[in-house]
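Student: I have a protein chain to look at today, and I would like to learn how to read it step by step. Could you go through it with me?

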Amino acid sequence: MTDRDVSPAPSEAGADHARVSHAVATNLRTLRAARSWSLDRLAQRSGVSKGVLVALEAERGNPSLTTLCRLADAFSVSLTDLVEVHRKPELRHATLDEATTLWRGPNGGSGRLILSTDPPGAVELWWWRLEPGEARHSEAHASDTREALLVIAGEVTVHTDNRTLTASAGGALTWPGDKPHVYRNDTDQPAELVLIVTVPESSARA
């Protein structure tokens, strides 16, 4: 199951979805204007349909994590640059309670973006909880994207490029994020992990 198949329940979404929708709409318009990209061009570069882009810029959409990743890759920015309106100071503090939930699993798991560093070479810091049987399937990100995780509790399995590795609490894994991959919880106990994603700086700005 991919994140396209799962949306948070309306009661859980509330203000968080409204805030993310507003931020995404504002940032999409700003990023397109800075590059002089039309909606057609962004659709071509991102693989997100023009109709979806129109809805997002009008704050009518509820983008999945897959859609947000495609847009971030197209612009060569971090996901934080899409889901936050105001840039915070260089030295900044964040908590799990403030983190933006961008993925929810069918059994109650979640993926929360805590913060990211400034470009170039931005680094995203995530907190994930995978309930038993849940998995996050990801498309290949932009070239040279790298990911790493540290298991805090439970056990997490990563599959990519025809290889599978499992780590338990205290163990860490890393892999190329520019290939399709999945991290999952195959056990009967919840798993918690810290995920780091490095975002490559692209020279393609035209």
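Tutor: Gladly! Please keep in mind that this is a predicted model. Ask away, and we will work from the whole chain down to single residues.

Student: What average pLDDT does the chain have?
Tutor: This score is the predictor's confidence in each residue, from 0 to 100. In this chain, 87% of the residues score at least 70. The average pLDDT of the chain is 87.

Student: Over which residues is the pLDDT below 50?
Tutor: Where pLDDT is low, predicted coordinates should not be read in detail. The stretch in question still has 22 contacts in the model beyond near neighbours in sequence. Its pLDDT is below 50, and it covers residues 1-13.

Student: How many helices and strands are there in the chain?
Tutor: The chain has 206 residues, and 45% of them count as buried. Its contacts also reach far along the sequence: among those between residues at least 6 apart, 66% join residues at least 24 apart. As for helices and strands, there are 5 helices and 10 strands.

Student: Which helix gives the largest share of the largest nonpolar core?
Tutor: That core has 40 residues, and those with the most contacts inside it are Leu79, Leu82, Trp126, Trp128, Leu149 and Leu195. One helix, covering residues 65-75, supplies 7 residues of the core. This largest share comes from helix H4.

Student: Is H4 largely enclosed or open, and how many of its residues are buried?
Tutor: Residues count as buried when their relative accessible area is under 20%. Those buried in H4 include Leu65, Leu68, Leu71 and Phe75. The helix is largely enclosed by the rest of the structure, because the buried residues number 9 of the 11.

Student: Which residue follows H4, and what is its phi?
Tutor: Look just past the end of the helix. The residue there has a positive phi, near 60 degrees, and it is serine 76.

Student: In what order do the strands of the open sheet of 4 strands run?
Tutor: Strand S4 (135-138) and strand S7 (163-168) stand at the edges; each has a single partner strand, so one side of each is left without a neighbour in the sheet. From one strand to the next, the twist averages 15 degrees. The pairing is antiparallel, and the order is S4-S9-S6-S7.

Student: What is the bridge partner of histidine 137 in S9?
Tutor: Start with the strands: S4 and S9 pair in the antiparallel sense over 4 bridges. Within S9, the residue bridged to histidine 137 is valine 182.

Student: Is tyrosine 183 buried or exposed?
Tutor: This residue lies in strand S9. Leaving aside neighbours within four places in sequence, tyrosine 183 is in contact with ten residues we can see in the model, among them Trp128, Val156, Trp175 and Leu195. Its relative accessible area is 3%, and since the cut-off is under 20%, tyrosine 183 is buried.

Student: How far apart are the C-alpha atoms of tyrosine 183 and valine 156?
Tutor: Along the chain, these two residues are 27 residues apart. In the model, the separation of their C-alpha atoms is 6.6 Å.

Student: Why does the salt bridge of lysine 50 and aspartate 40 tie together parts of the chain?
Tutor: The closest N and O atoms of lysine 50 and aspartate 40 are 3.5 Å apart. Lysine 50 is partly exposed at 39%, and aspartate 40 is partly exposed at 47%. The pair ties together parts 10 residues apart in sequence, because lysine 50 lies in helix H3 and aspartate 40 in helix H2.

Student: Which residue forms a salt bridge with arginine 129?
Tutor: Arginine 129 is partly exposed, with a relative accessible area of 28%. Its partner counts as buried at 14% relative accessibility. The closest N and O atoms are 2.6 Å apart, and the partner is glutamate 131.

Student: How many salt bridges does the structure hold?
Tutor: Another one joins aspartate 178 and arginine 146, at 3.5 Å from N to O. That pair links distant parts of the chain, 32 residues apart. There is also a network, in which shared partners join Arg129, Glu131 and Glu192. The total number of salt bridges is 9.

Key:
Residues numbered from 1 in each chain as written. Predicted model: local features only at pLDDT ≥ 70, side-chain atom pairs only at ≥ 80, totals over all residues. Heavy atoms only, no water. Salt bridge = Lys/Arg side-chain N within 4 Å of Asp/Glu carboxyl O. Helix = DSSP H or I, 4+ residues; strand = E, 2+ residues; numbered from the N terminus. Buried < 20%, exposed > 50% of the residue type's maximum accessible area, 1.4 Å probe, protein only. Pairing = 2+ DSSP bridges. Axes fitted to C-alpha atoms, helices over the stretch in contact; angles between N-to-C directions. Core = buried A, V, L, I, M, F, W, Y, C linked by side-chain atoms within 4.5 Å. Contact = heavy atoms within 4.5 Å.
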